[in-house]
Amino acid sequence: MVSNFKPAERLKRIKPSGIRRFFALAQEISDAINLSVGEPDFTPPKHALDAGWQAAKEGKTHYAPTNGIPELREVLAQKAYHDYGLNYDPNSEILITVGGTEAIFLALAGLVNPGDEVLIPNPGFVCYEPGVLLAGGVPVSVPLLEANGFKPSIDDVTSLITDKSRVMILNYPNNPTGAVLSYDEVAALAKIAVERDLIVISDEVYEKIIYDDAKHCCVATFPGMHERTLVVNSFSKTYAMTGLRVGYVYGPKELISPVWLVHQYTVACVNSLAQYVALAALKGPQDFVKDMVQEFDRRRRLVYKRLNEIEGFNCSLPKGAFYVFPNIKGSGMSSEEFVKFLVREAHVTTVPGPAFGSYGEGYVRISYAAAYEQLEEALNRIEKAVKRLI
Ligand SMILES: Cc1ncc(COP(=O)(O)O)c(C=O)c1O
């Protein structure tokens, strides 16, 4: 044992993710239904997996270029143009990363100076705050309130910007709330970013998982935004490839170069075989995505309807991602107490809202990226447990 061992000072304010903690709780119960994790229960399209096997057979197992295999960057450049009319040079403005997670972390490491303020959504994805803190920045919470459809209020954002503000993180469709912004709402945020000269890191990993009449608007398409935005995306959710760890970033050369530099010294390159799987997934037919989203939609409606029939829950119908974020204040318990109650009495694992930030108190996140039948069973159990309580 090293004498007087203490982890590095910079980790002082970093806590383990609340999601993993509750995931671990479920492991202790043999028949627990886990609705705490954010990953599709689908297998990636077969043609994509086959491309990975094929690449292995062809011996494509060496280091890939640091910024990713050229074929994948090329197809991603076409995607940006096709989806959003945006031009990115595949050689200097696209970086393949180890999932969106690495992209976010490195973007913060590459762009944030000590003392810089970074606007982060609260509740928001668990990686933002630790990423800002490890970069020496100061996280500034933008409240996403239920009363405002879990969307940021422009007045709040404006009032939170100071002369130290440097970066604004956006994440729509949003984890944990499922909120999606309209064109006008994105336009209003883009206008602030331009006026206040902010860099925007836009985490768009759920861009394809949207429902009803919702449309995803990429923030980099708005006037003055291409030059100040890093768009973070991933194959994890769209192609159910969470374990293969392939993400990417689009951005102007000036912003992406520092990110690339840190990436070079952190991971050298992304797993080459996984990049061939990603390439085939993107190039091949997209019905996989359409079918998966259709199934998510079926589950979304089930969960929304059933939860609202249970006393103590008040759930809005989200337009994106695969989460609902019901209000459980009617139960009289805190989010954490409620989640523990559900584990103990219903054998169902969810995540307490505060795992995503202080404004998550009074809510729980339920992932419906689990099979329909499992969700039905989980909802039956939750209903019974809550009835016993009342
Ligand atoms: C909003 C958001 N961004 C990024 C990620 C990172 O995903 P990955 O690293 O698998 O691409 C997640 C995963 O849950 C997420 O919810």
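Student: What makes strands 10, 13 and 12 an open sheet, and in which order do they lie?

Tutor: In this predicted model the three strands follow the order 10-13-12 with antiparallel pairing, where a strand is a DSSP run of E with at least two residues, numbered from the N terminus. Strand 10 (323–324) and strand 12 (351–352) stand at the edges with a single partner strand each, so one side of each is left without a neighbour in the sheet. Local features here need pLDDT of at least 70 and side-chain atom pairs count only at pLDDT 80 or more, whereas totals for chains, interfaces and linings use all residues. Residues are numbered from 1 along each chain as its sequence is written.

Student: How do you know that strand 12 and strand 13 pair?

Tutor: Two strands pair if DSSP finds at least two bridges between them, and strand 12 and strand 13 (residues 364–367) are joined over two bridges in the antiparallel sense. Pro352 has Val364 in strand 13 as its bridge partner.

Student: Why is helix 4 called roughly perpendicular to helix 8?

Tutor: Helix 4 and helix 8 (residues 253–266) pack at an angle of about 115 degrees, their axes being 8 Å apart; the axes are lines fitted to C-alpha atoms over the stretch in contact, and angles run from 0 to 180 degrees between N-to-C directions. Angles under 35 degrees count as roughly parallel, over 145 as roughly antiparallel, 65 to 115 as roughly perpendicular and the rest as oblique, and that makes helix 4 roughly perpendicular to helix 8.

Student: Which residues of helix 4 and helix 8 make the contact?

Tutor: With contact meaning C-beta atoms, placed from the backbone, within 7 Å, helix 4 contributes Leu106, Ala107, Ala109, Gly110 and Leu111, and helix 8 contributes residues including Leu255, Pro258 and Val259. The residues of this contact divide into nine nonpolar, three polar and no charged, where Ala, Val, Leu, Ile, Met, Phe, Trp, Tyr, Cys and Pro count as nonpolar, Asp, Glu, Lys and Arg as charged, and the others, Gly among them, as polar.

Student: What does helix 4 give to the shell around the ligand?

Tutor: Helix 4 (residues 99–111) gives the most, with three residues. The ligand is surrounded by 13 residues, the closest being Gly99, Gly100, Thr101, Ser234 and Ser236, and a residue is near a molecule if its C-beta atom, placed from the backbone, lies within 6 Å of it. The shell divides into two nonpolar, 10 polar and one charged.

Key:
Helix = DSSP H or I, 4+ residues; strand = E, 2+ residues; numbered from the N terminus. Contact = placed C-beta atoms within 7 Å.
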